[in-house]
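Good morning, colleagues. I should like to take you through one chain, beginning with burial and ending with a single residue.

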Amino acid sequence: MTRQSKDHEPRSGWRRRWPLIKKILTYVFFILVAVLLIGLARNVDWGEVYKTLRNYSAQTLWMAGAAAFASYAVYCFFDVLGKRYAQHNLPVRQILPVTFVCYAFNLNLSAWVGGIALRYRLYSRLGLRASQITRVFTLSLLTNWLGYIWLAGLIFSMGWITPPDDWEIGHTALRVLGAALLVVTVIYLWACGFSKRRQWTIRDHEVHLPSLRLAALQLVLGAANWSLMALVVYYMLSEKAPYPEVLGILMISSIAGVITHIPAGLGVIEAVFVAMLAGDLSKGAVVAGLIGYRVVYFLVPLMFATIVYVALEARAKKLRSSNEAQPTETQPEEHPPTAA
């Protein structure tokens with residue numbers, strides 16, 4: 001055996017084993033997703049869910065469902081923004097179902113599953129490189145939180161929301177926080193529009209500033225998504241609390257774990273809404289409304305996203321099988337010359 005063949009032997013052995021390793025990793029991923037879905041289903045009190053939804057009128061459920069649908073539609077365009085930023089050519093019709101699946105799994109099963117793992121799996125099967133997927137994910141994450149930053153900054157700085165007296169952050173501190181968030185927004189827009197340096201390298205990853213136009217679209221889409229999310233809560237509270245107040249409370253609940261003490265026995269969102277709507281609604285009415293919100297905005301989309309995910313996997317498997325079965329190249333058959 002020559003030296004050259006020895007050098008290539010480990011590499012060829014790894015390549016021979018890679019299809020089996022890839023298949024094992026695929027099965028492990030499917031099992032992980034299935035376990036997480038089963039665990040989520042077991043932790044949901046379905047009797048309470050049914051009781052809560054039964055008390056709503058059909059009109060309320062339809063309006064909340066429409067707002068949830070609009071919110072998911074807006075979020076799906078986060079990744080459409082990433083199309084030009086990541087410099088890929090996937091058609092929008094392929095981007096939208098992937099983003100829908102990722103968002104629903106992200107909300108229910110954590111960002112590691114929906115935001116990262118599923119994005120890399122589904123986009124890589126559509127032909128995107130890891131660097132492109134990272135850019136799409138980064139822009140989507142920025143769009144979501146930039147929308148939050150400027151919308152929450154506006155609400156807090158204008159003094160539209162007054163925290164309860166027993167919270168560590170007071171009215172003035174909340175207004176100062178709002179002003180700081182608006183400053184962050186202005187700095188980001190200025191950097192995107194006028195900064196001469198357009199990229200940085202962080203841990204071997206290049207970070208590129210988007211254009212000012214793209215940054216403005218990020219702010220609009222991000223804020224629209226948060227506003228529609230609050231609209232779902234507003235409908236599920238039977239419109240008994242003013243919408244601007246519901247929107248502001250939703251903004252606070254997103255950072256409540258950092259700026260407040262959350263009482264035991266309730267989730268973060270529930271605790272904040274109960275505390276801030278104590279003068280308008282009873283604790284039971286608020287908790288019931290938020291259970292309805294979780295069903296309409298989290299669980300129902302997850303059911304549809306699971307179906308879409310299975311369909312995407314089946315289509316990818318069918319496409320791969322057809323590509324493997326297709327011959328690489330066919331030569332034209334030669335026929336012997338006929339006699340004159």
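Of the 340 residues in the chain, 41% are buried, where buried means under 20% relative accessible area, exposed over 50% and partly exposed in between, with a 1.4 Å probe and protein chains only. This is a predicted model, in which local features need pLDDT of at least 70 and side-chain atom pairs count only at pLDDT 80 or more, while totals for chains, interfaces and linings use all residues. Residues are numbered from 1 along each chain as its sequence is written, and side-chain values use heavy atoms, with hydrogens and water left out.

The secondary structure consists of 12 helices and two strands; these are DSSP runs numbered from the N terminus, helices being H or I of at least four residues and strands E of at least two.

Turning to the interior, the largest nonpolar core has 79 residues. Such a core is a set of buried Ala, Val, Leu, Ile, Met, Phe, Trp, Tyr and Cys residues joined through side-chain atoms within 4.5 Å. Its largest share, 12 residues, is supplied by helix α8 (residues 212-236). A second, separate core of seven residues includes Tyr188 and Leu209.

Tyr293 is among the residues with the most contacts inside the largest core. Leaving aside neighbours within four places in sequence, Tyr293 is in contact (heavy atoms within 4.5 Å) with Met229, Val232, Val233, Met236 and Phe298.

Finally, is threonine 99 buried or exposed? Threonine 99 counts as buried because its relative accessibility is 0%. This residue lies in helix α4 (residues 92-109). Not counting residues up to four places away in sequence, threonine 99 touches Tyr75, Cys76, Asp79, Arg119 and Tyr123.
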